[in-house]
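Let's take a friendly walk through this structure, one topic at a time. Have the sequence and the 3D view ready as you read.

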Amino acid sequence: MKLKKILAVMMAGAMMLSMAACGGEETTTAESTGEQKTIDGNVLDAEQYFNGYLSSEPTTLDSVTGNDTYSSSILTNAMEPLTRLAEKDGENVREGAAAESWESNEDGTVWTFHLRDNKWSDGQPVTANDYVYAITRVLTPETGSPNSWLLTCVKNANAVLAGEMDPSELGVKAVDDKTIEFTLESPTPYFLALTDTRVMMPQRQDIVEQYGESYGAEASNMVYNGPFKLETWTHNSELILVKNDQYWDAENVNLQTINYKIMNDENTIFNSFTNGSIDSCGCGTPEWMQKFEAMENVDYIHYTSPAVRFNFYNTKDELFQNANIRNAFTLALDREDIVETIYHGTMSPAYGWVPDGVSVGDQGIYREKVEEPLKAMVGSEDPKELLLKGMEELGLGSDPSTLEVTFSLGGVDQWMKNYGEYYQQTFKNVLGVNVVLDFNEWGTFQSKVNSGDYQMGYMSWGIDYNDPYSMLAVMYSSSGNINTGWVNEKYDELLDQAAVEMDDAKRLELYKEAETILFEEGPLCPVVNEAANTFRYNYIKNSNTMPFTSTGLKYAYVSGRNA
């Protein structure tokens, strides 16, 4: 199976919130100075641009081989998946993107998508083969895509990934230039939810083959079929997108330019927002939040995000191969104190892997039905006793001070250093263990995790689509998302059953049992549920206010920047 975006993604102190449409009635009014476009009564500025930031550089813009949130911020705007989730009257509504329409057979095992006319940024037509090619790359084992798990519902996908069948046997084909047909292994309750993710973004075979391993590493070695195209990528400094005039819905794209600075220093980000150099910023620092809230022309956007910040363990490591030791480190943390001390009350404690706000069909919100597994463990298990038990099992004696554990983190800014030092002190006080901090740039950190060159690490994971399966499948034995080395056959079996169970109540029980196993084994240590705490100048209109929205900046516009 696979990952999505490792949306696995690690986010540092400041978060960049992507933008999305809220909808609105558009009219055009004539003025003595010329034609002025009006939306919801707002006259659009003559200059349409958005200034934002990313807290780290994307590792690659190859939608198949990359999976971090930074690349997703770019790809959402530059590539067109089959569908998108837009905001309409306070709800997420699925709308056609590349696909103008779609339908399934009676039992939901065959889905057909009809593409609208669209062009690549170099003027060539977008075809069904472009989507089939990218999807096939995701599921070709030689590609090593971290996103392959998302598409194991496609017929023969698991056999292809195992090298038992040729990719030509996959259940996805171009019927003609404008029609894509998916054949699934069995009815899949979440299939349509996959169609706005990065695994449904197309790629041009000629361009991928021309650039090979460097595809996605520069603005110039890609072509784009979304609302915008990447014009400039100055590494470790700035990415600039401009409106894609070849895009099928270009008339409804209002922004002409999107500027993303690479900034990971908290004070630099907040000062840039204060002086208007950037239009939006994430903030969880009380003194800055108070300052921003007092600004009359700034909107505060807050909601619980379907994402978890967590620690994780290398179960192939000499020490962390032991489940008791893993659980000792997990239970050593006081999550309420972390929320207050590190996040200043802007997050909420996480005692489970599936985050708040995720639904199971007609059963409603999963977390309202299933108690978080760690809650039963906290208080009933003593972390120091678990550590000593694990040390005895491994023949490591009974003195925790003889242990030295390396905690690897994907950031080098001051917030990340403060974060690491908090944990270092906590593990010393509670467990008596010496922890060495290993700070890395994000790309280096990700390489270490992927190669297994770590003991304990820290990340944030955002859910790909609104179903617990998206989160739980991250730990499927063949997913390759978070390289903990953990494998549990029973866990895999439960997810296999849930993947095809159309009865929502039964599926919920399968998820519950799987999540319980995950915490009995303890390869992950959830710490907090994320929350969006975003401040945005109110001249930015039609901006995202909900999780799961995937329209990017397509419908955003500027009205009254200099008013």
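## Charged pairs across the chain

In this predicted model, Arg94 and Asp196 bring their side chains together in a salt bridge, with 3.6 Å from N to O. Arg94 belongs to strand S6, while Asp196 sits in the loop between strand S10 (179-183) and helix H4 (205-211), so this pair ties together parts that are 102 residues apart in sequence. The two partners are worth colouring by accessibility: Arg94 counts as partly exposed, at 24% relative accessibility, whereas Asp196 is buried, with a relative accessible area of 11%.

A further salt bridge to look at is the one between the side chains of Asp467 and Arg507, at 2.8 Å from N to O. This pair, too, links distant parts of the chain: Asp467 is in the loop between strand S19 (456-462) and helix H14 (468-472), and Arg507 is in helix H16 (residues 504-521), 40 residues apart. Asp467 and Arg507 are both buried.

## Other salt bridges

How many salt bridges does a search of the whole structure find? The search gives 16. One of them joins Arg84 to Glu80, and the closest N and O atoms of this pair are 2.7 Å apart. Both of these residues, Arg84 and Glu80, are buried.

As background, side chains of opposite charge can pair when their charged atoms come close.

## A strand inside the structure

Next, find strand S4, which covers residues 49-54. Five of its six residues are buried, so S4 is largely enclosed by the rest of the structure.

Which strand is joined to S4 by six bridges? That is strand S13 (residues 257-262), and the two run parallel. To locate the pairing on your screen, start from Asn51: opposite this residue stands Asn259 in S13.

## Cysteines without disulfides

If you are looking for disulfides, the count here is zero. Why is there no bond between Cys283 and the closest cysteine sulfur? That closest sulfur belongs to Cys281 and lies 5.7 Å from the sulfur of Cys283, which is too far for a bond; the cut-off for a disulfide is within 2.5 Å.

Is Cys283 buried or exposed? Cys283 is buried, with a relative accessible area of 3%. Cys153 is buried as well, with a relative accessible area of 6%.

## Two residues with positive phi

Two loop residues are good to check in the backbone. Asp89 is not a glycine, yet its phi is positive, at about 55°. You will find Asp89 in the loop between strand S5 (83-88) and strand S6 (91-96). With a relative accessible area of 80%, Asp89 is exposed.

Asn156 is also a residue other than glycine with a positive phi, here near 75°. Its place is the loop between helix H2 (128-139) and helix H3 (157-161). Is Asn156 buried or exposed? With a relative accessible area of 16%, Asn156 is buried, whereas Asp89 is exposed.

Definitions and conventions
Residues numbered from 1 in each chain as written. Predicted model: local features only at pLDDT ≥ 70, side-chain atom pairs only at ≥ 80, totals over all residues. Heavy atoms only, no water. Buried < 20%, exposed > 50% of the residue type's maximum accessible area, 1.4 Å probe, protein only. Helix = DSSP H or I, 4+ residues; strand = E, 2+ residues; numbered from the N terminus. Pairing = 2+ DSSP bridges. Salt bridge = Lys/Arg side-chain N within 4 Å of Asp/Glu carboxyl O.
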